[in-house]
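Reader: Hey, I've got a structure open and I'm a bit lost. Can you walk me through it?

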Amino acid sequence: MQKAEELQPDLIVLDIGLPTLNGIEVARRIRKLSPESRILVLSQESSADVVQEALSLGVLGYVVKRMRGANC
């Protein structure tokens, strides 16, 4: 969040599976700190509620990452 405020990037790729903070809350804070930055969410979380909450914050998009088996 500090770098987003400092650098005001055009695009932020945000994994919402963060170890200490809720990624949705991070996105919410970034929207306030760097309102012109576009946020693309990347997550293993695919529940409709989480996706909808992220999109309601005005993120650019939501990409679900899938884990592949070792044989893939």
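Reader: Which residue does arginine 28 form a salt bridge with?
Author: Arginine 28 pairs with glutamate 53, and their closest N and O atoms are 3.4 Å apart. Keep in mind that this is a predicted model.

Reader: Where do those two sit, and what does the pair tie together?
Author: Arginine 28 is in helix α2 and glutamate 53 is in helix α3, so the salt bridge ties together parts that are 25 residues apart in sequence.

Reader: Is arginine 28 buried or exposed? And what about glutamate 53?
Author: Arginine 28 is partly exposed, at 28% relative accessibility. Glutamate 53 is partly exposed too, with a relative accessible area of 35%.

Reader: Ok, and which residues are linked with them in a network?
Author: The network of salt bridges links Glu25, Arg28, Arg29 and Glu53. Within that group, arginine 29 forms a salt bridge with glutamate 25, with 3.1 Å between the closest N and O atoms.

Reader: How are arginine 29 and glutamate 25 placed in helix α2?
Author: They are four residues apart in α2, which means about one helical turn separates them. As a general point, an α-helix has 3.6 residues a turn, so residues three or four places apart point the same way. Arginine 29 counts as partly exposed at 36% relative accessibility, and glutamate 25 does as well at 26%.

Reader: How many salt bridges are there in the whole structure?
Author: A search of the whole structure finds five. One of them joins the side chains of aspartate 15 and lysine 65, at 2.6 Å from N to O. Aspartate 15 lies in strand β1 and lysine 65 in the segment after β3, so this pair ties together parts that are 50 residues apart in sequence.

Reader: How covered up are those two?
Author: Aspartate 15 is partly exposed, with a relative accessible area of 25%. Lysine 65 is partly exposed as well, at 32%.

Reader: Let me zoom out a sec. How many helices and strands does the protein have?
Author: Three helices and three strands. Going along the sequence, you get the pattern α-β-α-β-α-β. The C-alpha atoms fill a box of roughly 40 × 25 × 25 Å along the principal axes.

Reader: And what share of the residues is buried?
Author: Of the 72 residues, 29% count as buried. The accessible surface comes to about 5100 Å², and 51% of that belongs to carbon and sulfur atoms.

Reader: Back to helix α3. Which residues are buried there?
Author: Val50, Val51 and Ala54 are buried in α3. They cover an arc of only 100° around the axis, which puts them on the same side of the helix.

Reader: What covers them?
Author: The cover for the buried residues of α3 includes α2, β2 and β3. On the other side of α3, Ala48, Asp49, Gln52 and Ser56 are exposed.

Reader: Tell me about serine 56. What does its side chain reach?
Author: The side chain of serine 56 reaches the backbone oxygen of glutamate 53 at 2.7 Å. Serine 56 belongs to helix α3, residues 48-56, and its relative accessible area is 56%. The cut-off for exposed is over 50%, so serine 56 is exposed.

Reader: What comes just after α3?
Author: Just after α3 there's glycine 58, which takes a positive phi of about 90°.

Reader: I also clicked on serine 43. Is that one buried or exposed?
Author: Serine 43 is buried, with a relative accessible area of 3%. You'll find serine 43 in strand β2, residues 38-43.

Reader: What does the side chain of serine 43 reach?
Author: The side chain of serine 43 reaches the backbone nitrogen of glutamate 45, at 2.8 Å. Leaving aside neighbours within four places in sequence, serine 43 is in contact with Asp15, Ile16, Tyr62, Val63, Val64 and Lys65. Asp15 and Lys65 are the salt bridge pair from earlier.

Reader: Last one: which residues make the nonpolar surface patch?
Author: Met1, Leu18, Leu21 and Leu33 make a patch of about 270 Å². Leucine 21 lies in the loop between β1 and α2, and it is partly exposed, with a relative accessible area of 32%.

Notes
Residues numbered from 1 in each chain as written. Predicted model: local features only at pLDDT ≥ 70, side-chain atom pairs only at ≥ 80, totals over all residues. Heavy atoms only, no water. Patch = residues over 30% accessible without salt bridge, like charges linked within 9 Å, V, L, I, M, F, W, Y side chains within 5 Å. Areas by Shrake-Rupley, 256 points an atom, 1.4 Å probe, with all protein chains shown as cover. Salt bridge = Lys/Arg side-chain N within 4 Å of Asp/Glu carboxyl O. Buried < 20%, exposed > 50% of the residue type's maximum accessible area, 1.4 Å probe, protein only. Polar contact = N/O pair within 3.5 Å; in protein donor to acceptor, adjacent residues only side chain to side chain. Contact = heavy atoms within 4.5 Å. Arc of directions from axis to C-beta.
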